[in-house]
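User: Hi! I am new to reading protein structures and would like to know how the labels people use are justified. Could you walk me through some?

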Amino acid sequence: MWAWTLWMLPLLCKFSLAVLLAKPENISCIFYYERNFTCTWSPEKEASDTWYTVKRTYCFGRKSDHCTTGNSTSTARTSCSFYPPPITIPDNYTIQVEAQNADGIIKSDITQWRLDTIVKTEPPEIYSVKPVLGIKRMVQIKWKRPVLAPKSTTLKYRLRFRTVNSAGWMEVNFKEGSNGDTTYNLTGLQAFTEYVVALQCVAEESVFWSGWSQEKMGTTEEEGKLVPSPHGLDLWRVLRPAMVDGRRPVQLLWKKARGAPVLEKTLGYNIQYFPENNTNLTKTVNTTNQQLDLYLGGETYWVSVISYNSLGESSLATLRIPAIDEKPFQCIEAMHSCLTQDQLVVEWQSSASEVDTWMVEWFPVLDSEPSIFSWESVSGARNWTIQQDELKPFWCYNISVYPMLQDQVGEPYSIQAYVKEGIPSVGPVSKVENIGVKTVTITWKEIPTSRRNGFISNYTIFYQAEDGKEFSKTVNSSILQYGLESLTRMTSYTVQVMASTSAGGINGTRINFKTLSISVFEIFLITSLVGGSLLILIIPTVAYGLKKPNKLKHLCWPDVPNPAESSIAMWRGDNFEDKLNVKEFDDSVNMEEERILKPCSVPSDLIDKLVVDFENFLEEFSTEEPGKGQENILGGEKNEYVTSPYRPYCPTGKHFKELPLATEIPSRKSQYLSSGVPEGTSSEDKEQLLSSASSLGLDHLCEEGAPNPYLKNSVTTREFLVPEKLPDQTKREV
């Protein structure tokens, strides 16, 4: 028993989970003349993987066929069509819909259809709506009979019509004439009024009307008698700033009052204007346009406009133009707008109960001066409504409300509104300013009004370092610049600004910049510190120089040593300074005499001191290459050695014995020589010294034997010229 139960359980579950097919119901069929025969149905609920088959019998039951739909779940098809040629009229059809899926088949009830009663034709085509000459308040409509309509069947028509400014339709039904006439005279209309008409038709026995034809417009004839409008004209003005010469441009506008019937054809308009205090200056202008540009003075003016035709004039419309210096009254405290499904509603608040008439003015806000103004008078209400289709989407409109009290016009209250907003056409143009080390200022320009497509709600600044993460900052629509901070030094950045409306946003131009490595403040700080340090150093120095000028002078400009003041003068005494001074010699001495060394007595240890120092120099000098010329230690120039005339040539193996003197000295030279004798020496001693010097021979100047090492060193460093009487033995030793 339990085994049997377990075996039957899956079958029971499958049966319980199966979805029973829904029987097709509400079958409806339409015969689109000479196109197709289509049937539709609506099952209570569709099962998965369901197919439908529509079975048809025609030719009064003698023939049958069928059509099959696809999977209802995948295509959601609940209709099926039969196409010509097996479709004829008149005929009777039987239709049955069969539904099938994996769980079974279910059939609908059989339905009967007579094609005459379900035929649907195409709509007629209207080609003329014109008034009939001599017949008032009537238009004649002409059309073409539908091509796809049974020729053997009489058609019925339904005509609907309305005035151009009206939203409600009126209808009239009529039947096609026996001769197939396609003309109808629509009467009971208003004179000289433009109407919109549309037409549809149906076979005489059918229940399915065709669609409406394309709308066509026509105007009734003008009445033979002028019937002025009790509302007259709506008259308005646009005041502009006064010109340099004092004239004031005023644009005068007028139109038919709202709700006033158009009963006549206007031929033109007569405009009169004059100063309020002087009617004798009245001027008259005729025009066929509905606007006029006037140039008035600064005082108050009155303007009147009437329309006329060949039969008479309309009622007069007047308007007061205030003076330039007149201050208008103000009574509107607030105003706002809102959008409904298909209307723009403007509401305002006012505390002036005596004001009951308002003038609403609106125009599109463009980048140039507006040239198209619209206006409408409102009475007994503090709101105004306009259809959205009368305004262009993505256009910004300026809406102003003027309070009107008798003949005075008050101060307007203005707002801006969109009937539909979109994404701006272009993004803002931005640039960078004040680039610093870690900061930068981003500025951008407002998008032109004509390209905003809505109210700018905010701006978003996107900036990103090179190969870095992107950051963003959002500001409100009134801000046109923003300073970025905490940037990285010496880094390239990319920045762009996005403008957003309620519909979305658009990015502007992308710009690149690079932060500085050092800021102006840092440069100023470093310069200030260095300059301050120098100033702190200079001030004590100047103070010290003023206090001790000599020390500062020696510090900046040290004294150059004077050879005449050398300590060598101390070896001979005070007289030695005078002996070395060249200026003490007579100017008449020639240059050859000046080059001759003058004899003088020297201390016994002078030669030893000089030779010892020079020998040390030679030891260092001898290490250099022997082929190179000797150079001066100080200047680097080659030493030139001059042979003294008082130094005889000594052969090799002899040494210098004592300071030589020339054997023959002119008398004048003897005076110089004697001048080298120390003061205090008697004349007799001088003569003895000179005579002994002249009596010495050359053989006494040189001696045989080993040379003195001191003299040997001195010979290698300097040679003296030999007097002219001695043999020319001058030579140079290197």
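Analyst: Happy to help; below we take some labels one by one and set each value against its cut-off. Keep in mind that this is a predicted model.

User: What makes up the secondary structure of the protein, and how much of the protein is buried?

Analyst: The protein has 13 helices and 42 strands. Of its 734 residues, 35% are buried. As for contacts with a separation of 6 or more, 63% of them are between residues 24 or more positions apart.

User: How do you know that C29 and C39 form a disulfide?

Analyst: Start with the idea itself: a disulfide is a covalent bond between the sulfur atoms of two cysteines. The cut-off here is a pair of cysteine sulfur atoms within 2.5 Å. For C29 and C39 the S to S distance is 2.1 Å, so the pair meets the rule.

User: Why is this disulfide of C29 and C39 called right-handed?

Analyst: The torsion about its S-S bond is about 105°, and therefore the disulfide is right-handed. C29 sits in strand β1 (residues 28-32) and C39 in strand β2 (residues 36-40), so the bond ties together parts that are 10 residues apart in sequence.

User: Which other cysteines are joined, and what does their bond tie together?

Analyst: C67 is joined to C80, with an S to S distance of 1.7 Å. C67 belongs to strand β4 (residues 63-68) and C80 to strand β5 (residues 79-82), so this pair links parts that are 13 residues apart in sequence. By the distance rule the count is 2 disulfides. With bonded cysteines counted along the chain, the pattern is 1-2, 3-4.

User: Why are cysteines such as C29 and C59 called buried?

Analyst: Buried means under 20% relative accessible area. C29 has 0% relative accessibility, so C29 counts as buried, and C39, also at 0%, counts as buried too. C59 has a relative accessible area of 18%, and therefore it is buried as well. C201 is at 0%, so the label holds there too. Both C67 and C80 are buried.

User: What makes T287 a buried residue, and what does T287 touch?

Analyst: T287 has 14% relative accessibility, so it counts as buried. T287 lies in strand β20 (residues 283-287). Not counting residues up to four places away in sequence, T287 touches W254, G268, Y269 and I271. The C-alpha atoms of T287 and N270 are 6.8 Å apart, although the two residues are 17 residues apart along the chain. A polar atom of the T287 side chain also lies 3.1 Å from the backbone nitrogen of N289.

User: How do you know that N453 and S425 make a polar contact?

Analyst: The cut-off for such a pair of N or O atoms is 3.5 Å. The side chains of N453 and S425 are joined by a polar contact of 2.9 Å, so the distance fits the rule. N453 is in the loop between β34 (440-444) and β35 (458-465). With a relative accessible area of 11%, N453 is buried. Leaving aside neighbours within four places in sequence, the residues in contact with N453 include F394, Y418 and K420.

User: What is notable about phi in F394 and N434?

Analyst: Most residues other than glycine have a negative phi. F394 is not a glycine, yet its phi is positive, about 70°. N434 also has a positive phi, near 55°. F394 is in the loop between β29 (383-387) and β30 (397-405), while N434 is in the loop between β33 (430-433) and β34.

User: Why is F394 called partly exposed and N434 exposed?

Analyst: Exposed means over 50%, and partly exposed lies between 20% and that value. F394 has a relative accessible area of 31%, so it is partly exposed. N434 has 60%, so it is exposed.

User: What supports the "transmembrane region" label, and how much of that span is helix?

Analyst: The label comes from an unreviewed UniProt entry, which covers residues 523-546. In the model this span is 100% helix and 0% strand, and its end C-alpha atoms lie 34 Å apart.

User: Where do helices α4 and α5 meet, and at what angle?

Analyst: The axes of α4 (residues 520-547) and α5 (residues 549-556) come within 5 Å and cross at roughly 115°. The contact is made by T541, Y544, G545, L546 and K547 of α4 together with P549, K551 and L552 of α5. These residues divide into 4 nonpolar, 2 polar and 2 charged.

Note on methods. Residues are numbered from 1 along each chain as its sequence is written. This is a predicted model: local features need pLDDT of at least 70, side-chain atom pairs count only at pLDDT 80 or more; totals for chains, interfaces and linings use all residues. Side-chain values use heavy atoms; hydrogens and water are left out. Axes are lines fitted to C-alpha atoms, for helices over the stretch in contact, and angles run from 0 to 180 degrees between N-to-C directions. Helices (H or I, at least four residues) and strands (E, at least two) are DSSP runs, numbered from the N terminus. Contact means heavy atoms within 4.5 Å. Ala, Val, Leu, Ile, Met, Phe, Trp, Tyr, Cys and Pro count as nonpolar, Asp, Glu, Lys and Arg as charged, and the others, Gly among them, as polar. UniProt positions are given in the numbering used here, feature names are shortened, and annotations may be inferred rather than shown by experiment. Buried means under 20% relative accessible area, exposed over 50%, partly exposed in between (1.4 Å probe, protein chains only). A polar contact is a pair of N or O atoms within 3.5 Å; within protein, one must be able to donate a hydrogen and the other to accept it, and residues adjacent in sequence count only if both atoms are side-chain atoms.
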